[in-house]
Amino acid sequence: MRIDLISDTITRPSPEMRAFMMEAEVGDDVFGADPTINRLESMAAGMFGREAALYCPSGTMTNQIAIKLHTHALDEIICELNSHVYQYETSGYAYNARVGINLIEGEYGKITAEQLKNSIKKKYDWLPESRLVVLENSTNRGGGNYYTLDEIKAIRTVCLENELKLHLDGARLFNVLVETGESTKDVGSLFDSISICLSKGLGAPVGSLLIGDKAFIQKGRRFRKVMGGGMRQAGIIAAGGIYALEHNVNRLKQDNDRAKAIGHILQGLDYVAQVKPIKTNIVIFDLKDEPADLFVKRLAECNINAAAFGPMQVRFVTHLEFDDEQLAELEKRLKTL
Ligand SMILES: *Cc1c(COP(=O)(O)O)cnc(C)c1O
């Protein structure tokens, strides 16, 4: 049995999702004429209590469009050091938006309102203008940690006091909401724009959504086009997103719970030095004395796929193809490693 914990992006559409996709009505979305994409976009906007949404090929694109639209050249964006927008988007903020970046070293990927307040640049000719804050929730490199609504509200207040825009990189937001019981509408009212990924734990094959005001999304369509993200009969893949939002949100709790179960197993193993607090579906742990690369190779020999996340650090991500049977099998293999 192959156990793949490298990422929740590896999930494949289920037979039910595929059947739903096969039936999708399609049209040319560059003309705004794909009924399935239109339905997905209005569904997502409604969930967050916002006016509009934009279906894009990836979460990198939704983040990049947001950064571009909220800023001008010579501004800076503020985010945590481990953020996806800094670490994994090939410096797109500089390339697409010609802005600088102001990094805050947070805790498990999270910044505080106080840290934010202290990082905002004073208005001098020789300094970039702080313009946009990007929060990641849950935090990927932060080990799946999350912000509570109250923490976000405090950050929002600092943003309003300083005329900063606030964007949410909510690639795994639903993994958070099934833990906290907070609602999408609560989240929707606190950000200028929101990005969510359909292709991670939600299990759709392709796509992310950018959510915000009508005028913002209207401009977003232009930037999506220039980035090469204007797709034609993409309703066939967008249908997977509709299916995911209708069927796969609540089940994310199981992924979070299985991640915690893995954490318990790891804590009992003599080769594990430390497990980061497990809050959602990401498990990051440190090894005592084996380099992560070698350990991951040994895992591969036992048919377990995982990522080395640092010299001595390994990451597992749970998802909808990882079930209780695989969890039991994983425990067996980890114990005999
Ligand atoms: C996966 C991810 C994204 C978007 O990734 P794509 O592969 O471009 O869809 C953005 N932010 C975070 C935190 C992610 O984990």
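Me: In which loop does Ser138 lie?
Reply: In this predicted model, Ser138 comes after strand 5 (129-136) and before helix 7 (149-161). A cis peptide bond, with omega at about 0 degrees, joins Asn137 and Ser138. The place asked for is thus the loop between strand 5 and helix 7.

Me: Is Glu163, in the loop between helix 7 and strand 6 (165-170), buried or exposed?
Reply: Glu163 is not a glycine, although its phi is positive at about 55 degrees. Residues count as exposed when their relative accessible area is over 50%. Because the relative accessibility of Glu163 is 69%, this residue counts as exposed.

Me: Is Leu74 buried or exposed?
Reply: Leu74 is found in the loop between helix 3 (59-70) and strand 3 (75-80), and it has a positive phi of about 80 degrees although it is not a glycine. Its relative accessible area is 71%, so with the cut-off of over 50% Leu74 is exposed.

Me: How many helices and strands are there in the chain, and what is its radius of gyration?
Reply: The chain holds 14 helices and 13 strands. For 337 residues the globule rule gives 20 Å, and the chain comes close to that value, so it is as compact as a globular protein of that length, with a radius of gyration of 20 Å.

Me: What percentage of the contacts with a separation of 6 or more joins residues 24 or more positions apart?
Reply: A contact here means that heavy atoms lie within 4.5 Å. Among the contacts of the chain with a separation of 6 or more, the share from residues 24 or more positions apart is 74%.

Technical notes: Residues numbered from 1 in each chain as written. Predicted model: local features only at pLDDT ≥ 70, side-chain atom pairs only at ≥ 80, totals over all residues. Heavy atoms only, no water. Helix = DSSP H or I, 4+ residues; strand = E, 2+ residues; numbered from the N terminus. Rg over C-alpha atoms; globule rule 2.2 N^0.38 Å. Buried < 20%, exposed > 50% of the residue type's maximum accessible area, 1.4 Å probe, protein only.
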